[in-house]
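Work through the exercises below with the sequence and the coordinates at hand. Each task is followed by a solution in steps.

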Amino acid sequence: MMKVSREKMIQSLFGVLASGSLIFLLGIILILFQQGLPVFRIVNIFQFIGGQSWYPTADPAEFGILPLILGTLWITVGAMLFCIPVGIGSALFLHEIAGFRLRSILKPIIEILAGIPSIVYGFFGMVIIAPFLQNLLDIPVGLCALTASLILGIMAVPTVCSLAEDALNYVPKSFREASYALGANRWQTLTRVVIPAAGSGISTAIILGMSRVVGETMTVLMVAGGAAVIPKSFLNPVRPMTATIAAEMGEAAVGSPHYHALFAIGLVLFLFTMVFNVVAELISRKYRLKLGLGR
Amino acid sequence: MKKLSNIIVLSLTSITLALAGGTTKLRVGGSTTVLPIAQLAAEEFMNANPNVTLSVQGGGSGVGIASLIDGTSDIADASRAMKDDEIKTAVAKGINPVAHVVAMDGIAVILHSTNKIDNLTIDQIRKIYTGKISNWKEVGGEDRKIVVLSRDSASGTFEAFASLALNGEKVRKDALMNASNKAIATTVGNTPAAIGYVGLGYLSSKIKAVTVENITCTKKNILTKTYPLSRPLFMYTNGKPKGELKNFIDFILSKEGQELVETAGYVGLK
């Protein structure tokens, strides 16, 4: 009798702990909507999303976040252009070419990269990379989308590399053996069997890397330049959504339209990352069915 | 973090004092520019006078003045003088606002140390910041695109700069909006084509402060208001302050209080 009730107690304890994150998520969503939606009493949603001017403190104030959305997108695309080849490439190297000893040295090093605080990356970018690119490319100012993309790309490498390597490890040995048995060489096995079989995991790795880039705040605040203008090239300064919230939330009067507008930006960001996560989930399900993998 | 710890200290002190009873409560609110001064002064003042509780808030000059008029605060911090209609509303409600200048605020316009330009007029500064001038050659410099740096539009320094130099016009969209004075000073120091503005305390050898209308940005010129980008910072009270309210204002104006003003990054009156 004692044992059963104790078991139940422990079960419900863990149940509560597990639902804790769900409660937090719901709470955050609720607050985002509650604090973000009031801004649409002042601007309509199309003016907000499609507006090209962000002058939150001017009189009359303008709340157009298109330049901010585009700033985030440009930086994300740029970072992925850097991070996908490097991240997937290092995963393939670790998995296929590096021997046990080399891997046991390289993998922890790549993972240390993930442990560096983002403000350190930001400082490094601001003080070293930005002036370097400014001289190298002869651009007016080194704080631009390119610099931000480069640094965020480096920051996302450990996420992408680590998850992609895990995905490659999950491919059953039998797949590879079957491929060799049919006479395929190592390259053919890799490109036609192993990578497609790990495709869902690799896509998930890329998308989670993207989520990391979209949500990164401190680094872009320091290196992206912060100009709320629609970017025309990677050499233009941009102002991503996260940097806008971080820079202005401290000074916006609580309950003012500006305050609600910043929450509404948070809502847009949340929708962005939610779409990424749903897409990641869908891709991995689709591949799982196609390959008949049991995981 | 400093701010946060100040707030924590303030609130802890106020809780303790409220429990102890027999205290004078003073409410201070308004301009975010004056906020650091008010916070530092309140902290020191409450250490010396445990029977007084000061609650300090931001919100902006307009908000502070409105709450003084409503009677919901005892001191309104303002980074501008009260407007005529604000004074009329106050008088209509039986409030008699008295201004106390507690500090001076000066904004230096800075360029990269290699930039040959030494002086800019207010008109040139406005045209550069609003987008009518985009090349240094238009103000007598070399043929180079100007990189414009500004503080975030929610900051007090921006508010001051906008009212003193921009005449309420909007900053060009491609201006790099920075979250701190330090970031502006660093970027201008690294960028030959840049122009920026910072508080007097952020000048260094890597950057060059231009003269504005041929007047150098020095403490002396700010105090005499001959430097164009300078302004007084106010605390407004209802009528001549009495009792602890008077003690607090006197404390800010004392030598010790004015040292706190300098700590907060502004120009002390003495």
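**Exercise 1. A residue in a C-terminal helix**

Does A280(A) count as buried or exposed? State also which helix holds A280(A) and which residues A280(A) touches.

Solution. The model is a predicted one.
- Step 1: A280(A) lies in helix α12 of chain A, residues 257–291.
- Step 2: the relative accessibility of A280(A) is 4%. The cut-off for buried is under 20%, so A280(A) counts as buried.
- Step 3: not counting residues up to four places away in sequence, A280(A) touches T204(A) and I207(A).
- Step 4: E62(A) is 218 residues from A280(A) in sequence, and their C-alpha atoms are 35 Å apart.

**Exercise 2. Chain A as a whole**

Give the element order of chain A, its extent along the principal axes, and its buried percentage.

Solution.
- Step 1: chain A has twelve helices and two strands. Read from the N terminus, the order is α-α-β-β-α-α-α-α-α-α-α-α-α-α.
- Step 2: the C-alpha trace of chain A spans about 75 × 70 × 35 Å along its principal axes.
- Step 3: chain A has 295 residues, of which 45% count as buried. The exposed area of chain A is about 15400 Å², with 71% of it supplied by carbon and sulfur atoms.
- Step 4: take the contacts in chain A between residues at least 6 apart in sequence; 71% of these join residues at least 24 apart.

**Exercise 3. Two partners of one helix**

Classify the packing of α3(A) against α4(A) and against α8(A), and list the contact residues of each pair.

Solution. Two packed helices are described by the angle between their axes and the distance between the axes.
- Step 1: helix α3 of chain A covers residues 66–97 and helix α4 of chain A covers residues 100–115; their axes come within 9 Å and cross at roughly 155°. Angles over 145 degrees count as roughly antiparallel, so α3(A) is roughly antiparallel to α4(A).
- Step 2: α3(A) passes α4(A) in a left-handed crossing.
- Step 3: on the α3(A) side the contact uses S90(A), F93(A), L94(A) and H95(A), and on the α4(A) side L102(A), R103(A), L106(A), K107(A) and I110(A). By class, the residues of this contact of α3(A) with α4(A) are five nonpolar, two polar and two charged.
- Step 4: for α3(A) and helix α8 of chain A (residues 186–197), the axes come within 13 Å and the crossing angle is roughly 120°. That makes α3(A) oblique to α8(A).
- Step 5: the crossing of α3(A) and α8(A) is right-handed. L92(A), E96(A) and I97(A) of α3(A) meet R186(A), L190(A) and I195(A) of α8(A). The contact of α3(A) with α8(A) divides into four nonpolar, no polar and two charged residues.

**Exercise 4. Helix α5 of chain A**

Describe how α5(A) packs on α6(A), then find the contacts of Q134(A).

Solution.
- Step 1: α5(A) and helix α6 of chain A (residues 145–170) pack at about 135°, with their axes 9 Å apart. This makes α5(A) oblique to α6(A), and α5(A) passes α6(A) in a right-handed crossing.
- Step 2: α5(A) contributes S118(A), Y121(A), G125(A), I129(A), A130(A), L133(A) and L137(A), while α6(A) contributes L146(A), T147(A), L150(A), I151(A), I154(A) and M155(A). The classes in the contact of α5(A) with α6(A) are ten nonpolar, three polar and no charged residues.
- Step 3: Q134(A) also sits in helix α5 of chain A, residues 118–137. With a relative accessible area of 6%, Q134(A) is buried.
- Step 4: leaving aside neighbours within four places in sequence, Q134(A) is in contact with I139(A), P140(A), V141(A) and G142(A), and with N190(B), T191(B) and P192(B) of chain B.

**Exercise 5. Two helices of chain B**

How many residues of α6(B) are buried, and is V91(B) buried or exposed?

Solution.
- Step 1: helix α6 of chain B covers residues 156–166, and eight of its eleven residues are buried, so α6(B) is largely enclosed by the rest of the structure.
- Step 2: the buried residues of α6(B) are G156(B), T157(B), F158(B), A160(B), F161(B), A162(B), A165(B) and L166(B). N167(B) follows α6(B) and has a positive phi, near 60°.
- Step 3: V91(B) is in helix α4 of chain B, residues 84–92. Its relative accessibility is 53%, so V91(B) counts as exposed.
- Step 4: V91(B) and G257(B) are 166 residues apart along the chain, with their C-alpha atoms separated by 30 Å.

Definitions and conventions:
Residues are numbered from 1 along each chain as its sequence is written. Chains are lettered from A and ligands numbered from 1 in the order in which they are written. This is a predicted model: local features need pLDDT of at least 70, side-chain atom pairs count only at pLDDT 80 or more; totals for chains, interfaces and linings use all residues. Side-chain values use heavy atoms; hydrogens and water are left out. Axes are lines fitted to C-alpha atoms, for helices over the stretch in contact, and angles run from 0 to 180 degrees between N-to-C directions. Helices (H or I, at least four residues) and strands (E, at least two) are DSSP runs, numbered from the N terminus. Angles under 35 degrees count as roughly parallel, over 145 as roughly antiparallel, 65 to 115 as roughly perpendicular and the rest as oblique. A crossing is left-handed if the near helix is turned anticlockwise from the far one by less than a right angle, and right-handed if clockwise. Contact means heavy atoms within 4.5 Å. Ala, Val, Leu, Ile, Met, Phe, Trp, Tyr, Cys and Pro count as nonpolar, Asp, Glu, Lys and Arg as charged, and the others, Gly among them, as polar. Buried means under 20% relative accessible area, exposed over 50%, partly exposed in between (1.4 Å probe, protein chains only). Accessible areas come from the Shrake-Rupley method with a 1.4 Å probe; for residues, only the protein chains shown count as cover.
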